[in-house]
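Colleague: I should like to go through this model with you, one question at a time. Please close each answer on the value or name requested.

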Amino acid sequence: MSAVLDTHGKAHDGHGDHDDHGHHTPTGFMRWVTTTNHKDIGTMYLWFSFAMFLFGGVMAMVIRAELFQPGMQIVTPEFFNSMTTYHGLIMVFGAIMPAFVGFANWQIPMMIGAPDMAFPRMNNWSFWLLPPAAILLVASFLVPGGGAGVGWTMYAPLTTQMGPGMDLTIFAVHILGMSSIMGSINIITTILNLRAPGMTLMKMPLFVWTWLITAYLLVASMPVLAGAVTMTLTDRHFGTSFFNAAGGGDPVLYQHIFWFFGHPEVYIIAIPAFGVISQVIPAFSRKPLFGYASMVYATSSIAILSFMVWAHHMYVVGMPVAGQLYFMYATMLIAVPTGVKVFNWVATMWKGSLTFETPMLFALGFLFLFTLGGFTGLVLAMTVVDVQLQDTYYVVAHFHYVMVAGALFSAYAGVYFWFPKWTGKMYDETLGKWHFWLSIIFFNLTFFVQHFLGLAGMPRRIPDYSLQFAEFNQISSIGAFGFGISQLLFLYIIIKAIRSGEKAPQLPWDGADTLEWTHLPTPAPYHTFENPPTVK
Amino acid sequence: MSTADSIVSANRLLLRKLLVVSVLMFGFAFALVPFYEKICEVAGLRDIFRSDEVAAKNTQVDMSRSVAVEFDSNTQRLAWTFRPLASGLAAHPGAVMHVEYEVRNTLDRPVTGQAVPSYGPQLAGQYFRKLECFCFQQQTLAPGEVRRMPVVFVIDPNLPKDIGTITLSYTFFEVAGTQKRPG
């Protein structure tokens, strides 16, 4: 099918500008169901991820409301467990990953001068697999036994003992994995085969580079997760004993397989965020990115190293000291390429003509807070320290600094940055700045105190806590409610801009110099680069 | 059209290669199962008896010398007869040794006593490791009761070379306040 469409698209080049393909004549809902246009699909990805973000956010609010005071107030412990589980699963697989795939869909063809993705029909499938997965996740709350309360890591043996909600979750993970793999194959093929003439690999915008690397990570690691949950499924229903000690299996094996996927997954989330930041910071510094080649190599090193450090998530399972030492040093090694990137971003700003519009503010927020999250990551990399901090709120604080202030803030930076290009409208700059400042203040209020809770020994994923943790938890909950409400402001900003935003100028950001800004009108028309540009 | 065709076939080729990679990685998850078994075997992670073996190896019995251990017994204002079954033995440092004492309550009432050890020379005390001893608890004997009680000990191999003989002496005291007074 893709072959037909590609041939069609190419044939179209020769004929010029008429725009009447059979495949986008449906209107209304069916237009979105049947669309193969990368911009439509990118838009759907972004809206889907934002809907999932709000859904997972409501779960975070339930968690923080329960933790507002010691003792059990609002929910049962079982429900609390499923809240932490689905909050994690939905935010990782439903919100952050689809958001960056949405960026990839919108931006990669426009940034490399391609007319569309390589496999437009498969692209449509990649997106439309997501809603059924989301429905399965929601449906798991409705089956007997309720949602799976096993944590987003889905560790055996808890998973092998859960009710049927676990099966629905496993199928949802399977579907999400298929969607990611299809999306990644599409992205790799697009980047490798559909670049405009003259767009060599080392001339690609860094966002495209980061997605190329991320897509390879996805193709290599998502199937491993699929394998892990498949083993869980067969352990549950088909009498195998991969993780069942009574049958000769080993629950620790699950952790190894899961984290072999899980650590690359962390970079699958972080690396496209690096890509967005690498576009935004040069644009608002009015300088080219400092150390472009070193950025490419650093990102590649991070990706390769990510497959070699998985067991730092499981120092306490009882591994030999030699293993702990290896994983400790290998993990610390990742700080080197990450440091290269951070210093390159800072050097890009050095002596630049900086302005601080909302995308730049979010990029700077990212830079500051992601680095902080990286430092706590180094602390956790040390085996002796991690033995104390394993499964405490210190870990929760650490990964929210890199996931929320890292990935989410960079996604916001990207949305504000490309919004004019996508819609031809400008968002309200004042409200955008409000969104940033409210987000960053409430974010720190929520998560900075969790470092102290973790150091004092408060365990994660527990609905109750002892009295000495009460004040910090109260502060954290207040911060979380504030953060949650601030994100509704983002929804308002976007809807307001789409409905009544001012018309965007052709080049709203002086320093933006990639193809979508220099070669395309604003807003980008439905079909772009049917005749590929020549890149010098 | 020929360039378009070549791009299409290049795309399909890449699609197939990447699909093969994902299928292989799915298989890799399952390949980790025997790999993990092997790692556990090599690293000895599954060998739950191993820690005992290590402990046993660490108890190095120094066969190059033996130390004479003499047993002595006394009572302090207590009408018990108290004696070791053997007056002495020769022990290699590091070896686990076992001796018994016998005590008889000659009174017509139950008596609770506590044995207190002392060592000669005094320095030897810190190298004399008792694993089991009747002196760890108070002993209560019924009127006329006879009891045999064990002492299990190891002499630390770090015992200074110039100590050739250790005297272990126990003294039994009656524990005050346990005697039932008439009335």
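Colleague: Which element gives the most residues to the lining of the largest cavity?

Modeller: This is a predicted model, and the lining of its largest cavity includes Phe93(A), Met97(A), Pro98(A), Val101(A), Leu176(A) and Ser179(A). Two elements, α4 (77-112) and α8 of chain A, give two or more residues to that lining. The greatest contribution, four residues, comes from α4(A).

Colleague: How is the lining of the largest cavity divided by class, and what is the volume of the space inside?

Modeller: Among the lining residues are Tyr45(A), Leu130(A) and Ser180(A). By class the lining has seven nonpolar and two polar residues, with no charged ones. The space in this largest cavity comes to about 70 Å³.

Colleague: How many cavities of 30 Å³ or more does a search of the whole structure find?

Modeller: The largest cavity holds about 70 Å³, and the second largest has a volume of about 50 Å³. Both volumes lie within a search with a lower limit of 30 Å³, applied to the whole structure. The number of cavities found is three.

Colleague: Which elements each supply at least two residues of the lining of the second largest cavity?

Modeller: The residues around this cavity include Phe48(A), Met52(A), Leu89(A), Ile90(A), Ala133(A) and Leu137(A). They divide, over the whole lining, into 10 nonpolar and one polar, with no charged residue. The elements that each supply at least two of the lining residues are, in chain A, α3 (38-66), α4 and α6 (130-139).

Colleague: Turning to the second largest pocket, which element provides the largest share of its lining?

Modeller: This pocket contains about 670 Å³ of space and has 30 lining residues, with Thr43(A), Leu46(A), Trp47(A), Trp106(A) and Trp422(A) nearest its centre. Two or more residues come from each of α2 (28-34), α3, α4, α15 (393-423) and α17 (470-500) of chain A. The lining divides into 23 nonpolar, three polar and four charged residues. Its largest share, eight residues, is from α3(A).

Colleague: How much area is buried between chain A and chain B?

Modeller: The size of an interface is often expressed as the accessible area lost when the parts come together. Here 36 residues of chain A are in contact with 25 residues of chain B. Carbon and sulfur atoms give 79% of the area buried between the two chains, and that area is about 2,500 Å².

Colleague: Which element gives the most to the side of chain A that touches chain B?

Modeller: Across this interface the rule finds three residue pairs in polar contact, both residues being at pLDDT 80 or more. On the chain A side, α1 (2-15), α8 (165-193), α9 (206-237) and α10 (251-285) each supply at least two residues. The greatest contribution, 10 residues, is that of α9(A).

Colleague: How many salt bridges does the rule find across the interface of chain A and chain B?

Modeller: Side chains of opposite charge can pair when their charged atoms come close. The structure holds 12 salt bridges over all chains. Across the interface of chain A and chain B, however, the number found by the rule is zero.

Colleague: Which residue forms a salt bridge with Arg236(A)?

Modeller: Arg236(A) lies in helix α9 of chain A, and its partner, 69 residues apart, is in helix α8 of chain A, so that the pair links distant parts of the chain. The closest N and O atoms of the two are 2.8 Å apart, and the partner of Arg236(A) is Asp167(A).

Colleague: Which residues does a cis peptide bond join where omega is about -5°?

Modeller: Most residues other than glycine have a negative phi, and most peptide bonds are trans. A cis bond with omega of about 5° joins Ala156(A) and Pro157(A), with Pro157(A) in the loop between α6 and α7 (158-161) of chain A. Pro523(A) is placed in the segment after α18 (515-518) of chain A. The cis bond with omega of about -5° joins Thr522(A) and Pro523(A).

Colleague: What is the phi of Arg286(A)?

Modeller: Arg286(A) is found in the loop between α10 and α11 (292-305) of chain A. Although Arg286(A) is not a glycine, its phi is positive, at about 55°.

Methods: Residues numbered from 1 in each chain as written. Chains lettered and ligands numbered in written order. Heavy atoms only, no water. Contact = heavy atoms within 4.5 Å. Buried area = accessible area lost by both parts, 1.4 Å probe. Salt bridge = Lys/Arg side-chain N within 4 Å of Asp/Glu carboxyl O. Polar contact = N/O pair within 3.5 Å; in protein donor to acceptor, adjacent residues only side chain to side chain. 1 Å grid on protein atoms, 1.4 Å probe; cavity = no way out; pocket = protein on both sides within 12 Å on 5 of 7 lines; lining within 4 Å. Points joined across faces, edges and corners; volume = space filled by probe spheres on them. Nonpolar A, V, L, I, M, F, W, Y, C, P; charged D, E, K, R; others polar.
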